[in-house]
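User: Could you take me through one part of this model up close, the place where the two chains meet? I'm new to this, so please fit it into the rest of the structure as you go.

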Amino acid sequence: MARQINVALLGNPNTGKTSVFNRLTGLNQKVGNYPGITVEKKEGICTLERGLKAHILDLPGTYSLNASSLDENVVIELLLNKNDKDFPDVAIVVADVENLKRNLLLFTQIKDLGIPTILAINMADRMKRKAISLDIETLEEALETKIALISSRKNEGFEQLKQYITQYSSLSVKPCVNASKIAPEYFSRLKKAFPNQDLYKLWLVITQDVNFGTLERGTLQGIASFQTESKSNLKRMQQKETIARYQFINEVLKKTLTIDTENAKDLRSRMDRILTHRVWGYVIFFGILLLIFQAIFDWSSYPMDFIDSTFASLSEWTKAVMPPGDFTDLIAEGIIPGLGGIVIFIPQIAFLFLFISILEESGYMSRVVFLMDRTMRRFGLSGKSVVPLVSGTACAIPAIMATRNIESWKERLITILVTPFTTCSARLPVYLIIIALVIPEQRVLGIFSLQGITLMFLYLLGFGAAIFSAWLLDRFLKIRSKSFFVIEMPNYKVPIAKNVAITVVEKTKSFVWGAGKIILAISIILWVLASYGPGDFNRAEEIVAQETVGQQLSEEERDTKIASFKLENSYVGHMGKFIEPAVRPLGYDWKIGIAIVSSFAAREVFVGTLATIYSVGSEEEETIRNRMAAEVNPVLGTPIFNFASGVSLLLFYAFAMQCMSTLAIVRRETNSWKWPLWQLFAMSAIAYVVALAAYQFLK
Amino acid sequence: MQTLASLRKGQRAIIKHFSVEDVPLKLLEMGCLPGNEVSVVQQAPFQDPIYLNINGSHLAIRKATAILIEIELL
């Protein structure tokens, strides 16, 4: 059997760690979660020389081993637990050549844990432009390690890095900085109390604020009784440690690193002059937002029309080639239209993830945080809330996880609570189809499509609702927490196409699979409920024949009457009629009512549900859109999807909390059921009232 | 004593001192250490937050934190 070693990939945020991971593992990677928590776990396999394989774990980016968030906690927990199956045989610290000094802080900490540590200096292709020169040999001697100069953009230096990984056992494990010299008296007492433990490790366990999960319990219990220093003294010692590390690093770099500031071409400051400008900065930011929404609506309509008609003909084809019967009906009327209802939105979702990953990869997102901080603070949020609010347009789940770097608990909680108001990609299917039905296809001023503007308005409405409720929560929540804020402003980078592509493919895939499973299940259940029924359902032909005695009906008209009679008397029909009184004041019929109830599992189910219900009720295969347009109110004879009911539906979906996965994440991130339940009831109540008001006013 | 909050664009200064209790460790870890040179890259409206260059490390902090950091102009 081939031997396999564990490699941990570490580094500060913004050092291109993930692109190094992508280079090392290619597409041979999988993304999961750490057990019990929602921190993303990325691992992959890299083949080295002589059949040796490296299992590479991409750990969350961290500035140091002093954890202040769940993500960083994962790093420490792994590095302190020798029994973990992922405990690294060798660690790679990825550093950015332009921020070497700060990046080395983490390096010295990891090396001091006694783990063989390779330094990979990334973005080496920038050295010439920035007039940086490095004496690698001397630096290797001073840090007692191997250093690989790499460029993930140009794919350079990876052979050497892999070679160093292969030879990991020859690396020195001597510490860089002797931590005990910051407080000799304290450390000697520590040594006396735990003679068999590594001092630096003990020190880390003592000083962490976070709770350790699976860490060696034995050690921890002993430490709980070793309380000899006050919290502020420990903090002072931590600061001393940090300063001591920087002193070491400064001395090392003085001998090895030179930057010729005269010759450095500084694109960064020129770009920042515009992009963080107090006027132009905002103009550009809103321009970019506008561009994104225009793209989502306009550019993706071509592939969408294609997918829609493909699924319609697929249903028809299935009916033609398979023997008639219940099973064929289930596939052609239940599953295919249901799945079509999600596949159709792949173009939009891919566009959305594309833009968001470009904004993040390029370093622009941090500028937005900087520009928006003060404005956001007025509403009880932080500049860092912009990232969740913007990425919430893709999906609230990763967005809520992205709140972890917000330092103040109150600002973070408010961000978590209001993020589900932003228009996520699951709302998009509902919006698009209803806008297409009730908003005329016109151009305003010759260029902007009226439908596109409506969509933009709905996005703004989502942001507006988020901001306004944040403001309210800020007034009413009595939580005291220290407000503190620091953010790194990384260098601008042209996004690496491969990274962006991997993100878009991964995220789109997981969106489609995740939603696909729910939709498949719901469409099967719905089909069964719509195709069978009690009592009158089974005598449909008879009853319709009696009712229409004396009328001259063509065969086709009679079939339609029977089909709709059956649907109304099916199980789902009875359920729909039961809830109809609650949704009628909002302008909906029982079919929409069923679609709304089923979309409390996930919003995107709405279109699939309607597609399934309508296709059971009709004989011809048609696109979802045409079926919805053809729905007529049996009493008034007007279309079900008219301007008033359409607007009411749009508003309902804008505000309602219809996503079980989001509720589960909020429960996890806030550690209580109180907040998600609160969200569920408050948001749904707002949705109902607003939709009711809109319909009654417009009808 | 001047603080970081009063530093203007184009000026350079040396970080002198800050209170251990109030300023989080994270700021130190990101390179904001006594003795380092600091300059302002950009100020958001109302001088809050401020975008700093501390010895080549670029970060943004709020005015409330900047007030706690004592500097000496160069």
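Analyst: Sure, let's start right at the meeting place. In this predicted model, 32 residues of chain A are in contact with 28 residues of chain B. On the chain A side, several elements chip in: α3 (100–112), α9 (231–256), α10 (267–275), α15 (364–378) and β12 (486–488) each supply at least two residues. The largest share comes from α9(A), with eight residues. What kinds of residues does chain A bring to this contact, by class? There are 11 nonpolar, 12 polar and nine charged ones.

Now zoom in on β12(A), since this strand does something neat. It pairs with strand β5 (residues 57–61) of chain B, in the antiparallel sense and over three bridges. Within that pairing, look for A:Ile487, which stands opposite B:Ala60 in β5(B).

Follow the pairing outward and you get a whole sheet. Seven strands form an open sheet, with antiparallel pairing, in the order β12(A)-β5(B)-β4(B)-β3(B)-β2(B)-β6(B)-β1(B). So the sheet takes in strands from both chains. Which strands stand at the edges? They are β12 of chain A and β1 (2–3) of chain B; each has a single partner strand, so one side of each is left without a neighbour in the sheet.

Next, the chain B side of things. Chain B has two helices and six strands, and along the sequence they follow the pattern β-β-α-β-β-β-α-β. Compare that with the sheet order and you'll see β5(B) sitting between β12(A) and β4(B). For its 74 residues, a compact globule would have a radius of gyration near 11 Å, and chain B has 11 Å, which agrees. Its C-alpha atoms fill a box of roughly 30 × 25 × 25 Å along the principal axes. Of those 74 residues, 41% count as buried. As for how the chain folds back on itself, take the contacts between residues at least 6 apart in sequence: 56% of them join residues at least 24 apart.

And chain A? Its 699 residues include 44% that are buried, and its secondary structure comes to 30 helices and 12 strands. The C-alpha atoms of chain A fill a box of roughly 105 × 60 × 55 Å along the principal axes. Taking contacts in chain A between residues at least 6 apart in sequence, 74% join residues at least 24 apart.

The domain assignment of chain A gives domain 1 (1–260) and domain 2 (516–698). Their centres, taken over C-alpha atoms, are 54 Å apart. If you check the numbering, α3 (100–112) and α9 (231–256), which help to touch chain B, fall inside the bounds of domain 1 (1–260).

One last stop is the inside of the structure. The largest nonpolar core has 196 residues, and those with the most contacts inside it are A:Leu9, A:Leu10, A:Val93, A:Ala120 and A:Ile434. Helix α19 (residues 427–438) of chain A gives the largest share of this core, nine residues. The core also draws at least three residues from each of domain 1 and domain 2 of chain A. To get a feel for it, pick A:Leu10: setting aside neighbours within four places in sequence, this residue is in contact with A:Leu59, A:Val75, A:Ala91, A:Ile92, A:Val93, A:Leu106 and A:Ile110.

Conventions: Residues are numbered from 1 along each chain as its sequence is written. Chains are lettered from A and ligands numbered from 1 in the order in which they are written. This is a predicted model: local features need pLDDT of at least 70, side-chain atom pairs count only at pLDDT 80 or more; totals for chains, interfaces and linings use all residues. A nonpolar core is a set of buried Ala, Val, Leu, Ile, Met, Phe, Trp, Tyr and Cys residues joined through C-beta atoms within 7 Å. A residue is buried if 20 or more other C-beta atoms lie within 10 Å of its own, exposed if 12 or fewer, and partly exposed in between; C-beta atoms are placed from the backbone. Helices (H or I, at least four residues) and strands (E, at least two) are DSSP runs, numbered from the N terminus. Domain bounds come from an automatic or database domain assignment. Two residues are in contact if their C-beta atoms, placed from the backbone, lie within 7 Å. Ala, Val, Leu, Ile, Met, Phe, Trp, Tyr, Cys and Pro count as nonpolar, Asp, Glu, Lys and Arg as charged, and the others, Gly among them, as polar. Two strands pair if DSSP finds at least two bridges between them. The radius of gyration is taken over C-alpha atoms; the globule rule is 2.2 Å times the number of residues to the power 0.38.
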